[in-house]
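Please open the structure in your viewer and keep the selection panel at hand. The tour below proposes one selection after another and states what is to be found at each stop.

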Amino acid sequence: MATTHFSLVFILLVSVLVHGNANGNGGFSVQLIHRDFSPKSPYYDPLETHHDRVHKAIHRSINRNNGAFKKSSVASFPANANRNGNITTTLTASSYGEYLMNISVGTPPRQLLAVADTGSDLTWIQCKPCEDCYEQNEPIFDPKGSSSYKSIHCLTPVCFKLSARSCENKLCGYDVGYGDNSSSTGHLAFETLTFDSTSGRPVKIPQFAIGCGHSNLGFMDAHSSGLVGLGTGKLSLISQLAARIDSKFSYCLAHSAAGSSKFNFGGHPETTGKDVYSTPFMTADDGAYYLTLEAVSVDDKRIPFKSMPTSTKEPEGNVAIDSGSTLTHLPEEMYSEILSEVKKAKKSEGFMSPTFPGMLCYKDDDNTRYPSITFHFTGADIKLPEENSFVGTQDGVCLNCLPAFDDIVVYGNVAQNNFLVEYDLKDSKVSFKPTDCSKHN
């Protein structure tokens, strides 16, 4: 069973903008809707304040780093108590996603909301007959109602692209698992995916290898009907579209209250212009994208990356770039040095957040100056705007960083706000370009 540890998860509400011919070698874009901040999100609560929504996003980020990638862990922010009195997280692939993907499946097309995961391979949806499915708001997909559904024989070459496959009644079976102990088991099939463009022209992807899940455990989110795999695996949406999109994708995440964000299938012309910073990425069995962080600077003070004493990770590929995590999490010793330098630069000790233990905060003052934070990746020095380094919370203005649990080091999505971030799977690199994502097309 394949396990995803850093699953760069985000849920997407898709509105397709076609670049070029929808049926030719052209990419397309989708709008990303923040699960808490956008009124289009099924999770949106109009009675919540901005700080309420920030609070929830930070909660998910901490729980994600603390518990989502472990089989069992004590949570800093409890969800449930077990029979022994220990507090454990109850996290699912959809419950910690930060952004909401409507996809249409079959012929005639059935629109379904699915989790989009850049750390996963297989795209799958819940299907009838459902032996053990979680409750979902929309009717479960019935293959018998689709004229384009085609079962796959277990000896078909595409079946051998599965990392965990089986053969039952000559049909290709799959079994995938995730770091939060959720899983999906079912059959692989060819089906048509359709994205509805804002111009009214549908983008169709025929003969797409998709999982038809008959037993799907641990998700427990009625808003989601399955998962869209956007990772590097042979059956991911990116890999199956590779020839069409030149093995590239990108996203541009606007600040939560600033407007809609974008996810682009295909290369973006702006990442070949000036002010573009590129760094190599590495992959691992978990399917995530790992960058090499060499140091972090607070103003002019450079703090080298320091792994935890118990870390088994190689110096290269020491941090996962994770769009599903709000905060950035760094090794504890390095984090302590960063706090010390921030306090020196501010000439103030500040205070530790009473809500989020370990988070350094200052009273909200429009006239105060915050130090400049720069992340030094191999070949790319990313200087963060102030709003990427410090986030407004109910406690005050707090550093967008916390110590990592064990060796789970991540570069979160607030640090990526207002950057066009492109992944080039051919050249194994990630590129960053400062961009006003609220105006990005």
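Two strands are said to pair if DSSP finds at least two bridges between them. With that term in hand, select Asp-424 and Lys-429: Asp-424 stands opposite Lys-429, a residue of strand β33. Please note that the model is a predicted one.

**The whole chain**

Display the complete chain before going further. It contains 5 helices and 33 strands. The chain has 441 residues, and 58% of them count as buried. About 18200 Å² of the chain is exposed, and carbon and sulfur atoms supply 49% of that area.

**Strand β32 and its partners**

Select residues 419-424, which make up strand β32. Is this strand enclosed or open? Of its 6 residues, 6 are buried, so the strand is largely enclosed by the rest of the structure. In a regular strand, side chains alternate between the two faces of the sheet. In β32, Phe-419, Val-421 and Tyr-423 point one way, while Leu-420, Glu-422 and Asp-424 point the other way, and all are buried.

Next, add residues 248-252, which form strand β16; this strand runs antiparallel to β32 and is joined to it by 5 bridges. To see one of the pairs, select Tyr-251 and its bridge partner in β32, Val-421.

Now add strand β33, residues 429-434, which is antiparallel to β32 and joined to it by 6 bridges. Together β32 and β33 form a hairpin, with 4 residues between them. In the turn, select Ser-428, which has a positive phi of about 50°.

**From β33 to β18 and β19**

Keep β33 on display and select residues 277-283, which are strand β18; the two strands pair in the antiparallel sense over 4 bridges. Within this pairing, Tyr-277 has Phe-432 of β33 as its bridge partner. Continue to strand β19, residues 289-291, which is antiparallel to β18 and joined to it by 3 bridges. Here Met-282 stands opposite Tyr-290 of β19.

**A sheet of four strands: β21-β20-β26-β27**

Select these strands in turn. They form an open sheet of 4 strands in the order β21-β20-β26-β27, with antiparallel pairing. At the edges are β21 (301-304) and β27 (380-384), each of which pairs on one side only. From one strand to the next, the twist averages 20°. Residues 293-298 form β20, which pairs with β21 in the antiparallel sense over 4 bridges. Ala-295 has Pro-304 of β21 as its bridge partner. Then add helix α4, residues 332-346, which packs on the sheet and touches β20, β21 and β26 (373-377). The direction of α4 makes about 20° with that of β20.

**A second stop for helix α4: β24-β25-β29-β28**

Leave α4 visible and select the strands of another open sheet of 4 strands, whose order is β24-β25-β29-β28, with antiparallel pairing. Its edges are β24 (351-352) and β28 (390-392); each has a single partner strand, so one side of each is left without a neighbour in the sheet. Strand β29, residues 397-399, is antiparallel to β28 and joined to it by 3 bridges. Within that pairing, Val-391 stands opposite Cys-398 of β29. Helix α4 packs on this sheet too, touching β24, β25 (360-362), β28 and β29, and its direction makes about 15° with that of β25.

**The nonpolar cores**

In soluble globular proteins, nonpolar side chains tend to be buried together. Select Leu-237, Phe-265, Ile-321 and Tyr-411, which touch the most other members of the largest nonpolar core, a set of 80 residues. Centre the view on Leu-237: setting aside residues up to four places away in sequence, it touches residues including Leu-193, Phe-195, Ile-205, Phe-208 and Phe-265. Apart from the largest core lies another, of 18 residues, among them Cys-159, Tyr-178, Leu-227 and Leu-235.

**Last stop: Gln-126**

Finally, select Gln-126, which belongs to strand β9 (residues 124-126). Is Gln-126 buried or exposed? Its relative accessibility is 1%, so Gln-126 counts as buried. A polar atom of its side chain lies 3.2 Å from the backbone oxygen of Tyr-134. Beyond its neighbours within four places in sequence, Gln-126 is in contact with residues including Cys-133, Ile-140, Phe-141, Gly-213 and Ser-225.

Conventions:
Residues are numbered from 1 along each chain as its sequence is written. This is a predicted model: local features need pLDDT of at least 70, side-chain atom pairs count only at pLDDT 80 or more; totals for chains, interfaces and linings use all residues. Side-chain values use heavy atoms; hydrogens and water are left out. Buried means under 20% relative accessible area, exposed over 50%, partly exposed in between (1.4 Å probe, protein chains only). Accessible areas come from the Shrake-Rupley method with a 1.4 Å probe; for residues, only the protein chains shown count as cover. A polar contact is a pair of N or O atoms within 3.5 Å; within protein, one must be able to donate a hydrogen and the other to accept it, and residues adjacent in sequence count only if both atoms are side-chain atoms. Contact means heavy atoms within 4.5 Å. A nonpolar core is a set of buried Ala, Val, Leu, Ile, Met, Phe, Trp, Tyr and Cys residues joined through side-chain atoms within 4.5 Å. Axes are lines fitted to C-alpha atoms, for helices over the stretch in contact, and angles run from 0 to 180 degrees between N-to-C directions.
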